[in-house]
Structure formats: C-alpha cells, structure tokens
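Grab a coffee and open the model in your viewer. Below are a few short exercises, each with a solution worked out step by step.

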Amino acid sequence: MKTFALGLLAALISPAAALASEDIADQYPQSELYAKPVEVIPQVFSAIGATAPPTYENAGHNNNLSFVVTDAGVVVINAGASDALAAALHAEIKTVTDQPVVLVINENGQGHAMLGNGYWRDQGVDVLAHVDATAEVTENGHFILQGMQSYNKDRAGETRVEAANLSFEDRYDLSLGGVDFQILHLGPAHDPGDTQVWIPQWGMLIAGDIAFHERMLPIFEHTCTSCWIETWQEKLEPLDPTYVIPGHGHPTNFDQVRRYTLDYLVDLRSKIGAHIEEGGDLASAYYVDQARWKGLDTFEELATKNAGRVYEEMEWE
C-alpha cells in the first residue's frame with residue numbers, strides 16, 4: 001500500500017516538479033500566489049512557493065502555503081508573507097470548499113509564515129504558533145516587516161505585524177471533521193518555534209522548515225545544526241511519514257527530504273570538522289567542498305554562508 005501511495009504522489013506532483021527552478025519568477029501571474037494550489041492527496045492542498053529568495057516578482061511567496069479541508073472547516077498552514085498573499089490563498093480555498101477557515105498555523109516566526117496573520121485575524125480566524133515563534137514575532141516582527149516592505153514595495157499593502165493569539169509548547173491536538181491533527185514542536189531545528197503538522201491517519205507530514213527539498217537550506221546565526229540533526233534522528237524519523245510537504249520545495253517522500261536536509265547537514269559538519277582538525281581557519285572554511293549539492297536552487301546564495309556559520313558553531317564544540 002505504501003509503495004502504491006508513493007507512486008500516486010509522484011504522479012500528482014511530477015508535472016509541477018519539472019518546473020521547479022529559481023529562475024521562474026512567477027507561475028501564476030493572475031494571482032498574488034507564486035503557484036496555484038494543488039491537491040497533494042485528497043483533502044490536502046498546497047500552493048508551492050518559489051525556490052528563490054523572496055522578491056517583488058514572487059511577492060515573497062517562496063515557501064509552501066498549505067491547507068487541509070475537513071467536514072467541519074479548513075486548517076491553513078502558514079499565513080503568508082503579506083495580507084495580499086493571505087487573501088489570495090483564501091480566495092483559492094473558497095474555490096475548493098464552502099467550509100470556513102477555522103485555524104491558521106504558523107510554521108515558525110519568519111515573515112512568510114506569519115506576516116499574513118493580520119488578514120486572518122481580521123476574518124475572525126484563530127492563529128496558532130509555538131511559544132518561541134510568538135516570542136520571535138514579538139521581539140523582531142517590526143524588522144521582519146521592514147524587510148518584506150523593502151523587497152515587496154507596493155505589494156506590501158497594509159500588512160501589519162500580529163502575533164498568533166494561540167500558542168503551544170510541545171504539542172497541540174486538534175480533531176476536526178473526522179481528521180486528527182497533531183501540531184508538534186519536535187525540538188530545535190532550523191528556526192525558533194519550528195512546527196510540524198502531522199496527520200497520522202493519512203501518513204501526511206506538513207513539515208515546515210525542519211525539512212527542505214529542491215533548494216538549499218539556509219543556516220542562520222542562531223541555528224544549532226547539531227540540535228537539528230538530533231531532533232531529526234530522534235523525533236522526526238520515528239514518524240516515518242508516507243507524504244511530506246516540506247517548508248520549501250514540492251511535496252515528496254521522506255527519503256527525499258532526508259537526503260537534502262539531514263544528509264546535507266551531516267555532510268557539511270563532517271567537512272567543516274575535518275577542516276578544523278587540520279587547523280583550517282574561518283576564511284578558508286567558506287570554500288570547503290560542497291559540490292555534491294551544487295544542483296540545489298539557492299546554492300550560490302547560501303553554500304558559503306552555511307559553511308561559515310557551521311565553522312563558527314563547531315569551533316567551540
């Protein structure tokens with residue numbers, strides 16, 4: 001059954017996956033969204049964002065905006081990077097179902113996950129985020145908004161910073177219309193408050209930024225890569241999902257996101273560890289061999305930065 005399901009998923013996404021490229025500015029010009037939502041499995045939809053950095057051309061839609069339709073309402077995962085993106089996603093939801101949106105979940109405290117919160121709150125919809133993501137929005141939301149306004153210009157509209165009105169720490173359970181959601185914070189990973197939405201009855205994981213695919217993952221100054229690896233191996237692996245919607249990149253299977261997330265982190269830490277053992281310095285750490293990952297989008301923007309940040313992390317381990 002699992003083999004059949006993976007084959008079905010491949011059939012659903014392969015035409016779109018062939019178009020995955022950071023060189024494509026916009027796949028859905030009649031909408032603020034970068035791409036029209038696709039039904040990944042029955043009742044689960046995702047508008048797949050650009051694999052490029054956020055730009056005016058993609059309106060900041062460079063992550064995945066997903067939603068799950070149930071008999072008692074719709075759950076949205078990620079508010080979008082602006083009011084306009086949130087409204088565009090809402091318009092697409094209304095073409096699929098008459099059910100109202102009853103909950104929005106922020107996958108973390110980054111702009112593309114939460115800057116649309118104000119739109120959803122104005123619709124009377126509750127917004128849920130991990131406590132660390134809410135703290136990030138409270139502390140740095142103004143700067144995150146300014147960053148979006150700088151690239152999005154007039155497309156930023158009247159977007160405002162609004163933190164989630166609901167929060168959780170380790171897990172938030174929701175049963176809605178016959179669907180059981182587990183909203184999880186499995187542990188430290190890419191960003192404070194990383195959140196995963198797990199629907200065990202369907203084997204569906206809407207992974208957020210713990211998992212990347214098709215584009216290189218960014219390592220921030222505050223990212224603990226050893227913690228990310230530990231969280232993945234000890235908490236994420238046991239879920240063993242059949243379907244994965246990663247934070248970035250098309251829906252795929254668990255082996256594929258493991259390859260481009262866990263394997264990348266392990267490989268880069270191994271290269272930097274050897275570099276440090278040989279007495280290498282930060283300046284030369286930027287150029288450790290990452291050729292294995294050169295085919296990923298955003299490689300040119302991120303590979304050297306990632307190497308430098310891992311060096312700074314591992315230097316004191």
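**Exercise 1.** Is strand 4 (residues 73-77) largely enclosed by the rest of the structure or not, and why?

*Solution.* One thing to keep in mind before starting: this is a predicted model.
- Step 1: go through the strand residue by residue, using under 20% relative accessible area as the cut-off for buried.
- Step 2: 5 of the 5 residues turn out to be buried, so strand 4 is largely enclosed by the rest of the structure.
- Step 3: now sort them by side. In a regular strand, side chains alternate between the two faces of the sheet. Here Gly73, Val75 and Ile77 sit on one side, with Val74 and Val76 on the other, and both faces are covered.

**Exercise 2.** Work out which strands pair with strand 4, and in which sense.

*Solution.*
- Step 1: take strand 3 (residues 65-70). It runs antiparallel to strand 4, and 5 bridges join the two. For a landmark, look at Ser66, whose bridge partner in strand 4 is Ile77.
- Step 2: check the connection. Strands 3 and 4 make a hairpin, with 2 residues between them.
- Step 3: turn to strand 5 (residues 101-105), which pairs with strand 4 in the parallel sense over 4 bridges. Your landmark this time is Val75, bridged to Leu103 in strand 5.
- Step 4: follow the chain from strand 4 to strand 5. The path goes through helix 2 (residues 83-96), giving a right-handed β-α-β crossover.

**Exercise 3.** Find the kink in helix 5 (residues 131-152) and see what covers the buried residues of this helix.

*Solution.*
- Step 1: trace the axis. The kink is about 75° and is centred on Asn140.
- Step 2: pick out the buried residues, among them Val137, Gly141, Leu145 and Met148.
- Step 3: look at what lies over them. The cover includes helix 3 (111-114) and strand 6 (126-130).

**Exercise 4.** Compare Ala59 and Lys153: what is the sign of phi in each, and is each one buried or exposed?

*Solution.*
- Step 1: recall the background. Most residues other than glycine have a negative phi.
- Step 2: check Ala59, in the loop between strand 2 (44-47) and strand 3. Its phi is positive, near 60°.
- Step 3: check Lys153, just after helix 5, in the loop leading to strand 7 (166-168). Its phi is positive too, at about 50°.
- Step 4: look at the surroundings. Ala59 is buried, with a relative accessible area of 0%, whereas Lys153 counts as exposed at 52%.

How values were computed:
Residues are numbered from 1 along each chain as its sequence is written. This is a predicted model: local features need pLDDT of at least 70, side-chain atom pairs count only at pLDDT 80 or more; totals for chains, interfaces and linings use all residues. Side-chain values use heavy atoms; hydrogens and water are left out. The bend at a residue is the angle between axes fitted to the seven residues ending there and the seven starting there. Buried means under 20% relative accessible area, exposed over 50%, partly exposed in between (1.4 Å probe, protein chains only). Contact means heavy atoms within 4.5 Å. Two strands pair if DSSP finds at least two bridges between them. A crossover is right-handed if, with the strands pointing away from the viewer, the path from the first strand over the helix to the second runs clockwise.
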